[in-house]
Every structure is written in C-alpha cells, then in structure tokens.
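User: Please take me through this model, stating for each term the criterion that justifies it.

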Amino acid sequence: MEHDHTAPSGSSTVDVLALVLRLALLPATAFLAGGGLLRAPGQRPRHTLYVLGGVSALLAVVSAFAVDVNVVALAIHVVLAVAVPVFPRATRWTSAALLVLVVLETSLGGTGVEFAIDTVFVAAAAVWFGFALLGPVTTAAAVRPGPLALTLGGLLVLAGAVRFGLSGLGFDRRLYSTPFGLAVVAVVVLPVVVSVLAGVFNGRAYRFGATAVALGFLAWSALGAIQAPPPLPVPGVPLLADDAGFPVLVSPQRPGRNVVHFPPSAGNDLSVGAGGLVTKAVARPGAEGTWADVDLPPGRSDLEIRHGGTATVVEVDAGTAPGPAITDADAPECASAALGGLVAGRADVLGACPADALTPADGGALVKLVEFLAGRKPSALTLVEDDSPRGIAAAKLVRETAARTGLAVRPDAGPDTALVVVSGWAAGYPAMTRAAELQRLEPTHQYGLYLAPWLLNGPIVNAVASASLPLRFDPREATAVGYAVAVGNRFGGESPTLGGFRNWLGAGGAAAGDVQIFAAAQVNAMPMYPTEPHATGMVMDRDYAGQWVPDGTIVPITSVLR
C-alpha cells in the first residue's frame, strides 16, 4: 500500500497522523508476516497471529481515511493480513506475499541500492520477529537458530551501515540534532546490539533482541517519512536555505559583510540581522527582490529573519578565512552568479565575482558589437562604464575598437548616437532609466540602446521599451530555458542572469557560440483578460516559466556577426 511520504512538518495534523499510522502499521504487519512465514507445517496458528492480522487490516483501512493510499494496494494488504491466520494451509505463501508488500510499503521510494537494502532489512527483521513469536523449536530441524541469529544480525548491521552511507549525513551534528539523524543512528546502532545478543545468547537471542529489532524497524520505517536535514553550511560557499518558508541566499558566507537576498515572491516586509543588529531588506538598482547587508562573525552563528510578525533563525557558518573583496555595487550580480551553481547542486567556494575580470567571450562579443555599430554609422557612441576591473577593461576595448573603425566615443547623449553600457548592474540600471527618460523628452540615441552581455537581467532590460545585447547563446533554446525554469522554481520565481547561467552550466557546460545581437522588448501581442473569450490553449499570463525577460520577449535581430 503506497503511502504519501511527504515529510511531516510538525504543524500539519495530516502529516503527523500519517507518520503515526505508518509506524503502527508496518511493524504489526512485519510481525504477522514473520510469524506466518515460520509457522511449522500442520501447526495451528496461534491467537497472536489472529490479533496481528486484525490489527494490520484495521490500520490499513484507517489509513485509507487519513492519508492518500492506493486503493488496490489497500485491498491486497487487507486480504493478505486476514488470510495469514485464517487459511493455515496457505499461510507461508500468503506470508511471503505480505512480506513483499511490507518491503514495498517500507521502501524509501528509491531504486537500486536503496530498494535492495530495504529488502534485506525488512526480510531479516521479519524472520527475527517470527522466531520471537513462535520460538526456534517450531522451525524445521535443518535450521540452526543460533548461527541464523548471527546471520540475521549481520544482515541488519550491513543494511544499517549502507543506509548510513546513503544518508549523506556523515559524522556531524545532524546525527544527534535532527529527527532524521537520530533515526539513522538507531538503524546503525541497534543492529549491532542485536548481533552482540546473538553471539552471547545463541538461539535464545530472538526473544532478548526482539525489542531492539522492533525499535530499529520503527526507525527504518520512519526514514521514509521524515525529511532529511539540509546540508550543513560550508564556509565560503554561499548558502541557499528555505528555513524561513521562502528561499534565502547568503553570500559569500565569510566573516564580515555579507549580502542576504530574498526573491520578489517573499514580499517586502523583511528584515535580517546577526548579533542583534537587524537591517531591513530593500531593493537594489538593477537587481530583483530585496537585499540586506549583514555582518557575520567568524564561525557558526544564527541569522535572524523577520517577516512581518514572525521570526526565523537560519544557521550560518562563516569560518575564519577572509572572503573575496566584493564591492557594494557588484554584490547582487556576484550573489546571483553564485546562485546558478547552487541551483545546479554544486557547493563551490565563492572566490571571485563576474565583475573581477572581462572574459574573452564577452570581450569578443563587445568587439563584434562595436564593429556592427560602425557599419550603421552613428555620429558617436555614448559609453557608460564603471570602475570595476571588468568595466575598465570593457571600456578600454570599446574605445580601441571604435578608434579602429572610425567611431567617436563621448560621454554625453545625442540625437544620432548609440548608447553602449559596459558597467555593472548598479550603474547600468540608472543609465537605462535616464536613457528612457531622455527618449521621452526628445530624439535621443536613435541608433539604439546596447548593453554588455552580463546586463541581460530583467530590471535592466525592462527599464526601457527595447534594448539590444550581443549574446553567444539563444535565450529561447532548451538549455537556456531549462536554467530559467530551474532558478525560478528553486528561488521563488527569480529571473535568470548570465552569470548564474554560466555557473549553472559549470566548467563542462556548453561552449560559447557565435555572436548574434538580440533585442529584448516589453511586448504583449493580443493583450486579453483571462475572462475574455479566447482560443483553447491560448496562454493568457505573460509571466510564464522559462522567460529571460519578465513580461517581455527577446529575439535575434541580426544573423551571426562575422
């Protein structure tokens, strides 16, 4: 019978009830299957088997009203539970079938090694329960109860050791500070106790060790319904946590100044602090969601997050080593880039930020952009830069390429100029908002607004009606959309960024392609309200998953630039 293995939260009555029923049903059924399997031929079933059969069937029926179960599996469970004591001639066959069902019900939902160790542990425990109920004298003479007890104990120890290895906990404080960890300790330690009893008491160990096996079986059964604890925070690795009920990103998680980021879906009434100093999370130029600066002490500490009238504590570990030098202006982009690696499941120490250097791929894209603009012959390029290493290198490259192609570069806007922004997010966003305002007042930058590739970020491109970027990938292709969906699902609907995409791909990701210029625009074809008549299957919500430009679109406007 398949139960819902949703991790109990402690606040949900249905979750707690499901766990209680699971921990009552599975041991009772295992005792029943073991007792029926070892009943000697011709031996009348004991009253204990009738009681266990009734309890197992009753609990299975109750489960149908309390949690989501498979109706067919429920019916099979009830029939087999009743058949074990009622039909003595077929007891062993029905017990074997019931034991298989217990394995499926106890299974952690995995395949391969996990299912194999579930089978070993449940089968060994059921046989032990059978001997404890009926006594070894009832078994066939060919079975030697003493050596078999040692064998069963060894199988339980082996299964417990493998389960510990698969838990991912290691020898850390989660073993004694979380319910999941305590259950793992139980399935490791109790079989060792049982094996010692088997060596000391020989065939009499079944009765003495039944309690330890039963407790170990309870712990094993609970593992399928208890949520595994998150990994411990690693100093220097940005922390992505969900303890507050919504995603929280802490970067770089080193002693001193850190940034804490919340997605837009978390709301605006958020404050965060450490050591008693609480800071309100606010919007940052060019970045989504809200951000707060927090000073973390060395080592482990608690980060307090306040949302309205509630407070949540998130454990952090800044370590003792100093972190990278991250400027206030580049911190959001740096954190967003780190988020891509976290979404991909990697735990990389944050040692540098995208603004620390101009990559050859981005430099080449800027060269091709300037050469493309030279062919359009604007009167000049209006260049926006910043003082980051990347911004300085990019501005120098743009000026050199413009000089080579005969283009002038100047800081002020004009009616027949093209705006080229190579700064970071903090300077890029106000540059685009100023450009949008100037274009509303008078003809300005009629040759277009162009952004460096790393400025492909929702708030920046949506600050104007349309902006263009030289990109080496198509944001509409499957890999890029897959990243956009992944980061949105993991971080409360957050929009994708180029730095995050590159970290998500990792060192073995797709190689940079040829450069094309893409235009991002706030476009909504055929605007309609959801209540208006529309064709079947037509998407009414522009904010669907996988978009690189929120409430907009991005399309290529040139062929590959050679």
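**Sheets, burial and voids**

Analyst: In an open sheet, four strands lie in the order β1-β2-β3-β6, with antiparallel pairing. β1 and β6 are its edge strands, each pairing on one side only. From one strand to the next, the twist averages 20 degrees. Helix α10 (residues 331-343) packs on the sheet and touches β1, β2, β3 and β6, its direction making about 115 degrees with that of β2. Such angles run from 0 to 180 degrees between N-to-C directions, with axes fitted as lines to C-alpha atoms, for helices over the stretch in contact. This is a predicted model, in which local features need pLDDT of at least 70 and side-chain atom pairs count only at pLDDT 80 or more, while totals for chains, interfaces and linings use all residues. Residues are numbered from 1 along each chain as its sequence is written, and side-chain values use heavy atoms, with hydrogens and water left out.

User: What makes a segment a helix or a strand, and how many of each does the protein have?

Analyst: Both are DSSP runs numbered from the N terminus: helices are H or I with at least four residues, and strands are E with at least two. The protein has 16 helices and 15 strands.

User: Why are β2 and β3 called paired?

Analyst: Two strands pair if DSSP finds at least two bridges between them. Strand β2 (residues 248-251) and β3 have three bridges in the antiparallel sense, so they are paired. One of the bridges sets Leu249 against His261 in β3. The two strands form a hairpin with four residues between them, and Gln253 in the turn has a positive phi of about 60 degrees.

User: Which bridges connect β3 to β6?

Analyst: Seven bridges join β3 to strand β6 (residues 290-296), and the two run antiparallel. His261 has Trp291 as its bridge partner in β6, and Val259 stands opposite Asp293 in β6.

User: What makes β3 mostly covered?

Analyst: Buried means under 20% relative accessible area, exposed over 50%, and partly exposed in between (1.4 Å probe, protein chains only). Five of the seven residues of β3 (residues 256-262) are buried, and the strand is accordingly described as mostly covered. Across the protein, buried residues make up 50% of the 562 residues.

User: Why are β5 and β8 edge strands of the other sheet described here?

Analyst: That open sheet has four strands in the order β5-β4-β7-β8, with antiparallel pairing. β5 (277-280) and β8 each have a single partner strand, so one side of each is left without a neighbour in the sheet. Neighbouring strands here are turned by 25 degrees against each other on average, direction ignored. Strand β7 (residues 300-307) is joined to β8 by eight antiparallel bridges, and Asp302 has Glu315 as its bridge partner in β8.

User: Why is Ser271 called buried, whereas Val282 is called partly exposed?

Analyst: Ser271, in strand β4 (residues 270-274), has a relative accessible area of 18%, which is under 20%, so it counts as buried. Val282, in the loop between β5 and β6, has a value of 40%, between the 20% and 50% limits, and is therefore partly exposed. The C-alpha atoms of Val282 and Ser271 are 8.9 Å apart, with eleven residues of separation in sequence.

User: Which residues are in contact with Ser271 and Val282, leaving aside neighbours within four places in sequence?

Analyst: Contact means heavy atoms within 4.5 Å. On that basis, the contacts of Ser271 include Val278, Thr279, Glu304 and Ile305. Val282 is in contact with Gly289, Thr290 and Trp291.

User: How do you know that a void is a cavity or a pocket?

Analyst: On a 1 Å grid over the protein atoms alone, a cavity is a set of points where a 1.4 Å probe fits but cannot get out; a pocket is an open set with protein on both sides within 12 Å along at least five of seven lines, and lining residues have an atom within 4 Å of a point. The search finds one cavity of 30 Å³ or more. The largest cavity has a volume of about 40 Å³, and its lining includes Ala287, Trp291, Ser336 and Trp425. The largest pocket has a volume of about 1000 Å³. Of its 32 lining residues, the closest to its centre are Pro229, Pro230, Pro231, Leu232 and Asp243. The largest share of that lining, three residues, comes from β1. A volume is the space filled by probe spheres set on the points, with grid points joined across faces, edges and corners.
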